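Ready to practise reading a protein model? Work through the exercises below with the structure open, and try each task before you look at its solution.

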Amino acid sequence: MATLICNVLCSFRYCKEHKDVQPEALWKLLTYRPKHFRWAGADLFPGVTAAGRPEMVVLEVNSCPSGQKYMPHGTGMDSGYHKLMSETFRDTVSSKCDPFLRNKPLAVVLDKNQLETSGYAAALADITKEPVYVVEAYLNQPKEHNIRWTDGIMEVRDVEDQWHAVRAAFRYVTQKPWTRIPLTTKTVVFNPISCCLAGGRNKLLAAMAYEDFNKQQGGTGLRIRTPRTFLRVTKAQIPTAVQALGGKAVIKVPYSNCGQGVYTVTSQKELDKLMALDLNYEKFIVQALVGHKNWSSSQWHHACTLPDEEGREYVFDTRLMVHATPDGFRPLCIFSRRAHLPLPDTLDGTEDSWEYLGTNLSIKDTIGAWQSDTERLLSVDNEPFEALGLSVENLVDGFVQTVMAATAIDKMCCRLKAKSPRSVRSPAHYTSSSHTTIPVNHSDVMAYVIHPREARPYSFLHPAMGEAKTHPTVTAFLHLDTEQIIHRYCKEHKEVQPEALWKILTYRPKHFRWAGGDLFAGVAATGQREMVVVEVNSVPTGPKYMPHGGTGMDSSYHKLMGETFLDTVSSKCDPSLRNMPLAVLHDKQNTHRQQIEPIAYATALADITKEPVYLVETFVDQPKEHSIRWTDGIMEVRDVEDQWHAVRAALRYVTQKPWTRIPLTTKTVVFNHIASDLSGGRNKLLAAMAYDDFNKQQGGTGLHIRTPRTFLRVTKAQIPTAVQALGGKAVIKVPYSNCGQGVYTVTSQKELDKLMALDLNYEKFIVQALVGHKNWSSSQWHHACTLPDEEGREYVFDTRLMVHSTPDGFRPLCIFSRRAHLPLPDTLDGTEDSWEYLGTNLSIKDTIGAWQSDTERLLSVDNEPFEALGLSVENLVDGFVQTVMATTAIDKMCCRLVRPDNSFDFEEFAVLADDRKILEEIYDLSDTSDETSVVN
């Protein structure tokens, strides 16, 4: 009962500080009953965010943690030793003990720290009123020295050289325990070895476990905090990963402990020293370095101890040990450790950074024996603890972080246990067989459930947005209704028929209902500013860069889900699937910032429908039927328990060649329809054709989609001729690429030669006139550019304007802009990389090949960035109309390719695309007869 009351109070205090957290989700976490990992110690840094908020950050979790010897207690049964033995160890033994071993003795097995192991053994003997064996089992001992295994039963050797079977053993073995304790045993081993390999002694799988946990908790507000992490980094890749983190990083050998195998790098000197070492293993993890606020490479910097009499502040970490009781998790002990030297505010590259960053107390003395450097110990005694500046709220935060991390590792352990061999196997140290192998596939389970909630006081914005507010010009535009938009547009464009524009803005698309238009602010020869369509995207990013109220249903995510997705589902859902669940599919990388939007859409959908929503990863290189499969046109998703579930409808946030794993004809409603990609939303060739068709149909109305002069279906061999026809300055586009890939700007022979040397993957391309500086643009427009900065520099920018179709017509959803890396030059000398001053897409690959967003070039609708664009309400209205017209054109092309029975017209598509390679990609999931005939 005391545990339950404490957990209620803990939940209350935590949710008071973290208003985004669902109390019921936190309660479920704190009362979780782990199956394997029931005792853990987390090492946490007190971090400070850029906003000045203190947060406890997880460094690592230990499955055999030290700590009781540093925790004051009374006498008798109130020590942490007794609590762990009576409330957790004994409960584990009673529930798991083999019936044939119930009369056998107990043991404590150790390879260090005899003070604590003796304490645990004494407590166990006190509680059970029976003798307990204390057994040493060192890493370098001979086989069957003090313990041996017979059919999964541990036997220990006493002082009279007699062997005794043991019913259960408390394991205080830390150095590669898997080399002398099997993974599957009849003797209860607490904690089992699988906990070590699943994360308690494996920093690599721990990081994976934390990522899995964060996905599963999407929408609850619960999240394990860790620095940015690169997984499975080879030794040769370490310098590249360190460079990607700004030259300051932590490199961790996954299977080491006691401060061993952890290397802080803040200079080339330290990196060179690290690379000269034999690191024993093949793969490592590299993390951002939590350092001083002046040079930390992480999203946090150290809180540090309070200044001492000489003004020195030290890095410290806090060990928080927890155990699972029948009523839930409880804290067992707390202590902290500081670094040897104070944290410097500047670096000169000559320091040994471990001296001011490393906190572990384990050190080797002059003869190589391990000792504890207790001069750096900061216990919970009055004076040492005061120096930490920690509050009750900080400790509650650390407790919750520890419980989440321990739970994550237990779930990873359950996953490995389910896949490991059923037969009892001894470790290689004790047998002549090869090492035990546990099959591990981090991407094995990909469907996580987002649960509904009444209101969420957080916004799913990118961290770069900070406290951004919407510029008054943008607010004014967003508040315009359809009639006001028509009035303002026709006032500026007197040749346009208002009734024709009304018809376009209230058009109800059949397939393409959500789109993002990328537009250049162009200037015509007459000096008139006009928004020019670059391309339209059928899976557009954007809401994470758009400020909103932040509570309830006012976000772009909720608007799209509530006004468009559900309207589409209600009109198109197969009657036989109406009781099936909903899903959000995505192929965004396994990082929080990349997955903000798919998680947010799933959360919004759960909130609106009041039902759980599956969040499913489906990557282009995954095996068939990995996380999704198709049965008679019905999508099925695989959950964390390896069960398949039919889905009635899915929001598709899949960008990389979605046609390779989602069919063109389905019973499950897919939003947007894959045909909208092939008709122009992911096909620049058919988009250009769709715009031409639209402009012809609108002849005489004054409506016209603006695009640069375009050559269609250009073969690679014809590209130089097309470029020459455009005066030597052009844009070449691979039709089926996205995220800024497959788009090449050419302003010189050098760039053209470089392009022609590439493998462009497809057979036909489009070549467009280049919108550039007014002195050398090959288009009918030149760039308006940003307003000059303090140094007179002007940058190319584009504006993403996202729209959606509602029952009342098209509406804007969000707006943001992006600028090029370098200012636009007024003259060219043929040596430049023109993409540097013309390319605006924020998607970039870092030095180890992971996709990131270069938010330094983001120009949001916040006051200061938006002012730099010089855009008016009329410009935004113009961009909105251009986006709606382009979206409508692509939907009409889609209607041309999707037959009345919803089957896809491959013959028509083959004629329009005229590219065998794209046809071959699409057929992977198809088995209709007309497709085969097209290929043949």
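**Exercise 1: A salt bridge at the surface or inside?**

Asp789 and Arg793 are joined through their side chains by a salt bridge, with N and O 2.9 Å apart. Work out whether each partner is buried, partly exposed or exposed.

*Solution.* Before you start, note that this is a predicted model, where local features need pLDDT of at least 70 and side-chain atom pairs count only at pLDDT 80 or more, while totals for chains, interfaces and linings use all residues. Residues are numbered from 1 along each chain as its sequence is written, and side-chain values use heavy atoms, leaving out hydrogens and water.

- Step 1: check the rule. A salt bridge needs a side-chain nitrogen of Lys or Arg within 4 Å of a carboxyl oxygen of Asp or Glu.
- Step 2: get the cut-offs. Buried is under 20% relative accessible area, exposed is over 50%, and partly exposed is in between (1.4 Å probe, protein chains only).
- Step 3: apply them. Asp789 has 28%, so it's partly exposed. Arg793 has 33%, which makes it partly exposed too.

**Exercise 2: A buried pair**

Find out which helices are tied together by the salt bridge between Asp212 and Arg415.

*Solution.*

- Step 1: look at the contact. The N to O distance between these side chains is 2.8 Å.
- Step 2: locate the helices (DSSP runs of H or I, at least four residues, numbered from the N terminus). Asp212 sits in H6 (residues 203-216) and Arg415 in H11 (residues 392-419), so the bridge links parts 203 residues apart in sequence.
- Step 3: check burial. Asp212 and Arg415 are both buried.

**Exercise 3: One side of a helix**

Which residues of helix H24 (residues 906-913) are buried, and how are they placed around the axis?

*Solution.*

- Step 1: list them. The buried ones are Phe906, Phe909, Ala910, Leu912 and Ala913.
- Step 2: place them. They share one side of H24, because their arc around the axis is only 165 degrees. That arc is taken from the directions from the helix axis to the C-beta atoms.
- Step 3: recall the geometry. An α-helix has 3.6 residues a turn, so residues three or four places apart point the same way.
- Step 4: look at what follows. After H24 comes Asp914, with a positive phi near 50 degrees.

Methods: Helices (H or I, at least four residues) and strands (E, at least two) are DSSP runs, numbered from the N terminus.
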